[in-house]
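How does one justify the words used to describe a protein structure? Please examine the entry below before reading on.

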Amino acid sequence: MSARHPVVAITGSSGAGTTSVMRTFEQIFRREKVDAAFIEGDSFHRYDRTGMKDEMAEKVTEGVHTFSHFGPEANLFGELEALFRQYGESGTGRVRKYLHNEEEAAPYGQEPGTFTPWDDLPDGTDLLFYEGLHGAVVTGEADVARHADLLIGVVPVINLEWIQKIQRDKAKRGYSTEAVTETILRRMHDYVHYMSPQFSRTHVNFQRVPVVDTSNPFIARTIPTPDESMLVIRFADPRGIDFPYLLSMLHDSFMSRPNTIVCPGGKMDLAMQLIFTPMLWRLLERRDKARQARR
């Protein structure tokens, strides 16, 4: 990790809510006048949409039924680690975009489901902000987590995660419940080995827990709303966290463990504003001191 060029990473599986967290951070950055370089985890997939389908079909013919976007074979973990390390050292790096849909692809004159060419990050940004699947991933070949200054996990309990994925993929991508279920099963090996371990490396975890019955996520008709959920916020290191202040500001919250606050699900945006604004101040103060020390 480098104090001179901070790296902040939000990690969570698809459909977990990392995008709404990113919007909260955009608000904080705007208010605090922080110029962040935004990185999407999807841009570090190894294959574009067509390539992934072809590779998946090839794996199935080989009898491999666990190939997924969650694992190392489908991602460029080495390149992601190199970006985090290079940015931390010099504030520079090379990135690309993954174009999810027609709207994102149109300005580039490309097809949806493709990557833009690799390009240099803009000069002079205050910090690197990553949002995606693998901000805290560690494998035998790559250790992305060690180069991040602030790691945040966004993790619904597993039944809620499945409900969110099934509902999203059916509504937005036209998949059947059976097709989404097959994807969930195919991803399970990589989920256990590469996704779940990340949340033991994060500095703060936000876990949404529904308080309605989600016993059978495969027949759920609606996604539990924030008001039908509680939010469990776990700090890896509770030192320096002003828990009395957070409890007073987050109405109906309580502490379930010495490092854990529970609050109503609808308070997630406020909780993040209260928790991460001072953390970002400290990161940027550390950056400024490190730069002054080198002069």
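The questions and answers that follow concern a predicted model and the terms applied to it.

Q: Why is phenylalanine 77 called buried?
A: A residue counts as buried under 20% relative accessible area. Phenylalanine 77 has 6% relative accessibility, so the term applies. This residue is found in helix α3, residues 77-90.

Q: Which residues is phenylalanine 77 in contact with, leaving aside its neighbours within four places in sequence?
A: Contact requires heavy atoms within 4.5 Å. On that basis phenylalanine 77 is in contact with Phe70, Gly71, Pro72, His134, Val137, Thr139, Ala142 and Val144. In addition, its C-alpha atom is separated by 7.4 Å from that of phenylalanine 44, which is 33 residues apart along the chain.

Q: How do you know that the span of helix α5 agrees with what is expected?
A: Helix α5 has 16 residues, 158-173, and at 1.5 Å a residue it should span 22 Å. The expected span is 1.5 Å times one less than the number of residues. The end C-alpha atoms of α5 are 21 Å apart, which agrees.

Q: What do the buried residues of α5 pack against?
A: They pack against α6 (177-195) and β9 (204-210). Among these buried residues are Leu160, Trp162, Ile163 and Ile166. Just after α5, glycine 174 takes a positive phi of about 70 degrees.

Q: What makes the pair of phenylalanine 25 and phenylalanine 129 tilted?
A: Rings pair if their centres lie within 6.5 Å; planes under 30 degrees apart count as stacked, and those over 60 as edge-to-face. The two rings are 5.0 Å centre to centre with 40 degrees between the planes. These values therefore satisfy the distance limit and fall in the tilted class. The pair links helix α1 (residues 18-32) with strand β7, and its members are 104 residues apart. Both residues are buried.

Q: Why is it said that the pair of phenylalanine 70 and tyrosine 191 ties together parts that are apart in sequence?
A: Phenylalanine 70 lies in the loop between α2 (49-61) and α3, and tyrosine 191 in helix α6, so the pair ties together parts 121 residues apart in sequence. This pair is also tilted, at 5.9 Å centre to centre and 50 degrees between the planes.

Q: How do you know whether phenylalanine 70 and tyrosine 191 are buried or exposed?
A: The limit for buried is under 20%. Phenylalanine 70 has a relative accessible area of 3%, so it is buried. Tyrosine 191 has 10%, so it is buried as well.

Q: Which residues have the most contacts inside the largest nonpolar core?
A: They are Phe25, Phe206 and Phe276, in a core of 35 residues. Helix α8 (residues 268-293) gives the most to this core, with 10 residues. Apart from it lies another core, of 22 residues, among them Ala37 and Leu83. Ring pairs also link Phe25, Phe206 and Phe276 into a cluster that includes Phe29, Phe38 and Phe129.

Q: What makes β2 and β11 edge strands?
A: The open sheet has 8 strands in the order β2-β7-β1-β8-β9-β10-β12-β11, with mixed pairing. The edge strands β2 (36-40) and β11 (254-257) each pair on one side only. The twist averages 20 degrees from one strand to the next.

Q: How do β11 and β12 pair?
A: They pair in the antiparallel sense over 3 bridges. Two strands pair if there are at least two bridges between them, so the 3 bridges here satisfy the condition.

Conventions. Residues are numbered from 1 along each chain as its sequence is written. This is a predicted model: local features need pLDDT of at least 70, side-chain atom pairs count only at pLDDT 80 or more; totals for chains, interfaces and linings use all residues. Side-chain values use heavy atoms; hydrogens and water are left out. Helices (H or I, at least four residues) and strands (E, at least two) are DSSP runs, numbered from the N terminus. Buried means under 20% relative accessible area, exposed over 50%, partly exposed in between (1.4 Å probe, protein chains only). A nonpolar core is a set of buried Ala, Val, Leu, Ile, Met, Phe, Trp, Tyr and Cys residues joined through side-chain atoms within 4.5 Å. Axes are lines fitted to C-alpha atoms, for helices over the stretch in contact, and angles run from 0 to 180 degrees between N-to-C directions. Rings of Phe, Tyr and Trp (its six-membered ring) pair if their centres lie within 6.5 Å; planes under 30 degrees apart count as stacked, over 60 as edge-to-face and the rest as tilted.
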